[in-house]
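This report walks through one protein model, a few elements at a time. Keep the structure open while reading.

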Amino acid sequence: MHVTTNALVLRGVDYKESDKILTLLTQELGKLTASARGCRKKGSALATGCQLLCWSQVVLYDYGGRWSVKEAATLREFQGVRAGLDKLALACYFAEVTELLAVEGLPSPELLSLLLNSLHALDRMDKPLPLVKAAFEGKSMCLAGYEPALESCAACGAEQPESPRFYLQEGELRCAACLEAQGPFLPLDASALAALRHIVYGNPKRLFSFRAEGESLLLLAGLTEAYLQVQLEREFQTLDFYKQVRQ
């Protein structure tokens, strides 16, 4: 059986002398693993389309329940992402998170759209990297079923909590005066809270159209990263590398 679909390469592992084993996120088939035979040979027609973070139209062949890439026509390489090590490291972090959240064989159009839009933001939009990172982390948690409750304080119902705090485990907002003994919780200011509400409740097509600067951006970025790690209960090597590069 042959299938033609668009796919983004989330991960590639060298195999044998000239092959790769790819993890793809496709439009029609969701996440899948496919071999790309000979793609590492000089002059291979598959070489560009099978690069990490490359968006391509691929022809897949299913033989005995195993997928192989027969053709790959590159649609977008996100050259601007590859131009800077910090952008590339952040993009790889996005791909690693997406690979974890995507379910094998289950189409994930919203998750695919989020990843492509985030790569576009790194590639073409003049946005601070911590802002793009926070937007991706916050929205990915919503798509994974961990949407936080940000409309009001979970204890007193205040829509604009005084000195707001965010509980990482429960994913809810509290006023400083409504804090309970248990934690952990992280502080927010008014600007960071407005930005977080935009990420969670705003139009996905305008995900990056908010402003957060200075201390507010630091608070937002620290919160979304911590919330993702707490809810997914794991750390990411690509995130560690991104931080090393930024330092």
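A144 counts as partly exposed, because its relative accessibility is 32%. A144 is found in the loop between α4 and β6. Its C-alpha atom is separated by 20 Å from that of L90, and the two residues are 54 residues apart along the chain. The model is a predicted one.

**Single residues and their exposure**

The loop between α4 and β6 also holds S163. The relative accessibility of S163 is 39%, so S163 counts as partly exposed. The phi of S163 is positive, near 50°, and S163 is not a glycine. Most residues other than glycine have a negative phi.

L53 is another residue other than glycine with a positive phi, in this case near 65°. L53 belongs to the loop between β3 (30–36) and β4. Is L53 buried or exposed? L53 has a relative accessible area of 2% and is therefore buried, as the cut-off for buried is under 20%.

F185 is part of strand β8. With a relative accessibility of 33%, F185 counts as partly exposed. Leaving out residues up to four places away in sequence, F185 touches R165, F166, Y167 and L179. F185 and S118 are 67 residues apart in sequence, and their C-alpha atoms are 27 Å apart in space.

The table collects the accessibility values.

| Residue | Place | Relative accessibility | Class |
|---|---|---|---|
| A144 | loop between α4 and β6 | 32% | partly exposed |
| S163 | loop between α4 and β6 | 39% | partly exposed |
| L53 | loop between β3 and β4 | 2% | buried |
| F185 | strand β8 | 33% | partly exposed |

**Helices α2 and α6**

Helix α6 covers residues 214–232. How far apart are the end C-alpha atoms of α6? They are 28 Å apart, and this agrees with the 27 Å that 19 residues should span at 1.5 Å a residue. The buried residues of α6 are S216, L217, L220, A221, L223, T224, E225, A226, Y227, L228, Q231 and L232. These buried residues pack against the helices α2 (85–101), α4 (129–143), α5 (190–201) and α7 (237–246), and against the strands β6 (165–167) and β8 (185–187). After α6 comes E233, with a positive phi near 55°.

Helix α2 has 17 residues. From its first C-alpha to its last, α2 reaches 24 Å, close to the expected 24 Å at 1.5 Å a residue. Buried residues in α2 include A89, L90, A91, Y93 and F94. Further along α2, A95, E96, V97, T98, E99 and L101 are buried too.

**Helices α3 and α4**

The axes of α3 (residues 109–124) and α4 come within 10 Å and cross at roughly 180°. Angles over 145 degrees count as roughly antiparallel, so α3 is roughly antiparallel to α4. The contact of α3 with α4 has nine nonpolar, two polar and two charged residues. On the α3 side, the residues are E110, L111, L114, L115, S118, A121 and L122. They meet L129, V132, F136, K139, S140 and L143 in α4.

**The strands**

Strands of a sheet pair through backbone hydrogen bonds, either parallel or antiparallel. Which order do the strands take in the open sheet of three? The order is β7-β6-β8, with antiparallel pairing. β7 (172–174) and β8 are the edge strands, each pairing on one side only. From one strand to the next, the twist averages 30°. Helix α6 packs on this sheet and touches β6 and β8. The direction of α6 makes about 165° with that of β8. Within the sheet, β6 and β7 run antiparallel and are joined by three bridges. Y167 stands opposite E172 in β7.

Another set of strands lies earlier in the sequence. Strand β1 (residues 2–15) pairs with strand β4 (residues 55–63) in the antiparallel sense, over seven bridges. Here T4 has V59 in β4 as its bridge partner. β4 also pairs in the antiparallel sense with strand β5 (residues 66–76), over nine bridges. In that pair, L60 stands opposite V69 in β5. Two residues separate β4 from β5 in a hairpin, and G64 in the turn has a positive phi of about 60°.

Notes:
Residues numbered from 1 in each chain as written. Predicted model: local features only at pLDDT ≥ 70, side-chain atom pairs only at ≥ 80, totals over all residues. Heavy atoms only, no water. Helix = DSSP H or I, 4+ residues; strand = E, 2+ residues; numbered from the N terminus. Expected span 1.5 Å × (residues − 1). Buried < 20%, exposed > 50% of the residue type's maximum accessible area, 1.4 Å probe, protein only. Contact = heavy atoms within 4.5 Å. Axes fitted to C-alpha atoms, helices over the stretch in contact; angles between N-to-C directions. Parallel < 35°, antiparallel > 145°, perpendicular 65-115°, else oblique. Nonpolar A, V, L, I, M, F, W, Y, C, P; charged D, E, K, R; others polar. Pairing = 2+ DSSP bridges.
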